[in-house]
Amino acid sequence: MYSWYGSVRLYHFRVPEDSVLVCWHLTVTRGSGSSCGNHNISIYIRSGAPPVINPIDTAFPNETAFLLAYNLTASISSGQNTTIFNVSNPEPGDWFIAAHLPKDNGKIEQKGFSSMCSYFFQPQMFVRRVIDMPILESKAPLLQTVSSPEKPAFLKFFVPDYSTHLIFHVWGCSTEGVEGADCPLIITVGSTSLQPFSVRTVNCTGMTSCAVRLLTPPWETWIRITVESIYVNLTTTFSVSANLTVGCKPKSVGLIGDFLAKLNTNSNCVSGANNSAVVGNTTMSGNTSLMLEPFGNECLRTYSVFKEELDVVSVQFSVIGGPNLIVLTQAPTLIPLDLTSFADTGGTLNLHLKLNQVCCHSASVISYSVPLYASFFNLNVSPTAFSQGYSLNLNVTSPKAALRLPFPEAAMWYLTLQVLCPDNASDCANVSSTVMTSVYLSACIDECGTYGECRLLRSYSYLYASCVCKAGWSGWGCTDGSTAQTYARQLVAALLLTLSNLSFIPPIIVALHRCYFAEASVYLFTMFFSTFYHACDQPGVTVMCIMDYDTLQYCDFLGSLTSIWVTILCMSRFKDIYKYTLFMLGALIIAMSMQLDRRGMWNMLGPILFALLVMVLAWVYRGVKRRQCYPTTWKRWVFFLIPGIAIAIIGLCVYVFTETDENYFYTHSIWHIMVASSVVFLLPPREYQKEPWGCSRKFCGYQICKNEKEELYTVT
C-alpha cells in the first residue's frame, strides 16, 4: 500500500530512435489469498525521468516547480487484468513506468499474524520502428507520398545549436482520383512525451499550402515530422521543405583567447577596466567595458560551466570565473546545464539566484526576468511547442529567488538572464546588474527537513531518491504539516512509550523477594533497553538515542523474548541446575534467531511454544507422581494463574490486532503494562525453605550458617 515514494514499483524502458509506435501491455495479477481485495492499481508513465506523483494530495515545498506525470488506473476484479496503452510518435530515450496500490490504511501488521496478499505488476513494451527514415535538410525540398492509414509519411530534421526559428512548409499536393490542389493533410511536428507543448499539429485541409512555425526549436535534437491524409486508401503526393534560421552565436565558442579572457574578467559591476590575457606568445589588452566584453556580441552572451559529480545523485555546476554573473539589457546571458546523463534524473535540480548589485541605471524601477528552461527560450515569448520553462523575477525589493525541480528530465537545460525595463527600454540602455547563481543537483529537497529522511532507492541499476516523512508530516519534501503531530502529542507519545516500561519494576521486586535473581536481571535488562529503544524510535523531535538505533532495537527484541522464556521456565519449577542450563541455552538460541529475523513469527513463537511444552510436561509429571492436580491449591489457579494468563492474552491481542500508526503510542504502552502485570501473577511462589530476598537472618560469629534440605552451605 502507498505511503511514500518507496512504495512505488519503478520500471525503466529505452525507446529506440525512429520509433513510430510504442505499445505497453500492463498486466496486473492478484494473489489467490482470501484477503486479496479488488483494488485499483495506479500507473504513471513519463519520458525522460521518473514520474512526479501526488496520489494523496499533499502540498509540495515552496519554490518547487512540478508537472504531474500522466496516469491511468487498472482495476482488479478477477485474477488478472491487462491494460494496453499505445503512444504514437513516442519521444526516443528513457521512459519510466511506476505503479502502486491505494493509500496505506495505517494498520501495523505483525509479521506472520495477519494474512498478506500479493499483487504482481508486469509491464511489457512492444516497439514499431521505421527503417531508413528520410532526412529533411534545410532549404532542400523533398517529394513524398502518403496513404492513410497504412502508409503515413515520416521524416526527421536535425536542429543545430543557436537556432531561433524553424518553418516546415508543405505545398504541391495532388491526390489520385480527387480534383483540386487542396492539401488533405494533417502535419504533426515533434514527438509525444505525454506532456504539454511536446507536439504541434496543423490541419492543412482546404489549403493549397500550409506551414508549421516553431519559434523555439530544441537544439542538438532530431525533430520528427509526421504527415497523414484525411482520405482513406487514397495516395497523396506533396512537397515538403524546411527553412531554418540560426541566430547569432556567442563569440567565445571555439576561441581559446576568449575562453582565457573569461577566466580573467572581473565579475564586479564596473563601467570599464583594463585587463589583459595571454594567448600563446600574444598579449591581448584593451578596455573591456560591459559593451565590449569577450563573452559574446550584442545578441547573446554565454558562460562556460564545470560539472562536478560529488556523490550519487549529487552534482555541482560551477560557472567559470566565479558565481557572480554580469547581466545586461542588450542581450540575454546564457548558461548551459548538462543534465543529459541518465544518472542525473533521480534527484532534485536546485537553482538559487541573488541580485548583488545594480549600476549605470537611469530607470527608477528595474525588473529582472530569470527563466530556467529545458530548451532555449526567448524572453517575452509565450511558451510554444518544445518549450518547457519556468520564470523567476528579481528586483531591488526582492533580490533573492529560488527554484526546485524534482526529477528533472534528461536534457540540456539553459539558464537565461536578462535585464528588462518595465516601460521604455531606451531609458535603461546602459543598465547592468550582478547576479550570484548557485545551481546544483541534490538527492532530496533540503534533505527532507526536520521531519523527514532522504533515502536512496534502486530499481535494478537505476538509482533515485525520495523522502520518507515522520510525525504526521507528508509531501515531497516532508513540508506538509496538515496532519502533523504537535510537539505536545510527540512528547506525550514519548513519555507513554518510555515510562510504561516502569511497570517492570513490580516484577523485578517480586522476583528479588522470591529469590529469582536470574529472572530479575532479565526483567531489568528488558526494562532498560525497551525504555531507551522507544526513546530513540520516536518519529518527531522528542528523540534521545544513547547508542546505535539498531543495537537498541536488537536488545529490546532479545530482552522481551528472553523475559517470556525465563518466566515460563521458572513456572516449570525445575531444579536450579536444569533451570539455569535451559536459561542459557534458550538465550543463545533466541539471540541467534533475533539476528536472523527480528520480526519473524516462528522466531518468536518457537521458543515460547517450546517453553510452554516443557512447562506442561513438568506439571503433568508432578501431577501424575503426586496423584493430584498441579499446582495443587485452587487459590493458586483462581487468584494467580488464570488472571495472569488472561492479562497476557489480552496484551497479546492488543499488540497483534489493534495497533495502528495513529494509536501506536498508547496501544503499545498498554502492551508493556499488560505483559509486566502478567509476570507478577505468573511467577511461582518462593521455595518454602528460602528466606525472603535470599538472606539468612541467623549469624554465628564470623560465619553465615544456612541449613537447607537440599544443600548445605558453610561460608568462612
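This passage describes selected sheets, one helix, an annotated domain and several backbone features of a predicted model.

The model is predicted, so local features are restricted to pLDDT of at least 70 and side-chain atom pairs to pLDDT 80 or more, while totals for chains, interfaces and linings use all residues. Residues are numbered from 1 along each chain as its sequence is written, and side-chain values use heavy atoms, with hydrogens and water left out.

Secondary structure elements are DSSP runs numbered from the N terminus (helices: H or I, at least four residues; strands: E, at least two). Strands 5, 2 and 7 form, in that order, an open sheet with antiparallel pairing, where two strands pair if DSSP finds at least two bridges between them. Strand 5 (80–88) and strand 7 (119–129) are the edge strands; each has a single partner strand, so one side of each lacks a neighbour in the sheet. Neighbouring strands of this sheet are turned by 15° against each other on average, direction ignored; axes are lines fitted to C-alpha atoms, for helices over the stretch in contact, and angles run from 0 to 180 degrees between N-to-C directions. Nine bridges connect strand 2 (residues 19–30) to strand 5 in the antiparallel sense, and W24 has F85 in strand 5 as its bridge partner.

A further open sheet contains four strands in the order 9-14-11-12, again with antiparallel pairing. Its edges are strand 9 (153–159) and strand 12 (199–203), each with a single partner strand, so one side of each is without a neighbour in the sheet. The average turn between neighbouring strands of this sheet is 20°, direction ignored. Strand 11 (residues 185–190) and strand 14 (residues 221–229) run antiparallel and are joined by five bridges, with L185 opposite S229 in strand 14. T188 also lies in strand 11. At a relative accessible area of 13%, T188 is buried (buried: under 20% relative accessible area; exposed: over 50%; partly exposed in between; 1.4 Å probe, protein chains only). Apart from neighbours within four places in sequence, T188 contacts V199, R200, T201, R224, I225 and T226, contact meaning heavy atoms within 4.5 Å.

The UniProt annotation "domain: EGF-like", from an unreviewed entry, covers residues 440–479; UniProt positions follow the numbering used here, feature names are shortened, and annotations may be inferred rather than shown by experiment. Over residues 440–479 the chain is 0% helix and 48% strand, with the end C-alpha atoms 21 Å apart. C448 is placed in the loop between strand 30 (432–442) and strand 31 (452–459). Although not a glycine, C448 has a positive phi of about 70°, and its relative accessible area of 0% makes it buried.

Two other loop residues were examined. F407, in the loop between strand 28 (400–406) and strand 29 (411–420), has a positive phi of about 50° although it is not a glycine. F407 is buried at 2% relative accessibility. The peptide bond from Y630 to P631 is cis, with omega near -5°, and P631 is located in the loop between helix 7 and helix 8 (634–658). Most residues other than glycine have a negative phi, and most peptide bonds are trans.

Helix 6 (residues 576–596) has 21 residues, and its end C-alpha atoms are 30 Å apart, in agreement with the 30 Å expected at 1.5 Å a residue; the expected span is 1.5 Å times one less than the number of residues. The buried residues of helix 6 are K579, F583, G586, I590, S593 and M594. Viewed down the axis of helix 6, these buried residues fall within an arc of 110°, so they line one face of the helix, the arc being that of the directions from the helix axis to the C-beta atoms. Their cover includes helix 4 (517–536), helix 5 (549–572) and helix 7 (601–626). On the other side of helix 6, I577, M584, L588, M592, Q595 and L596 are exposed.
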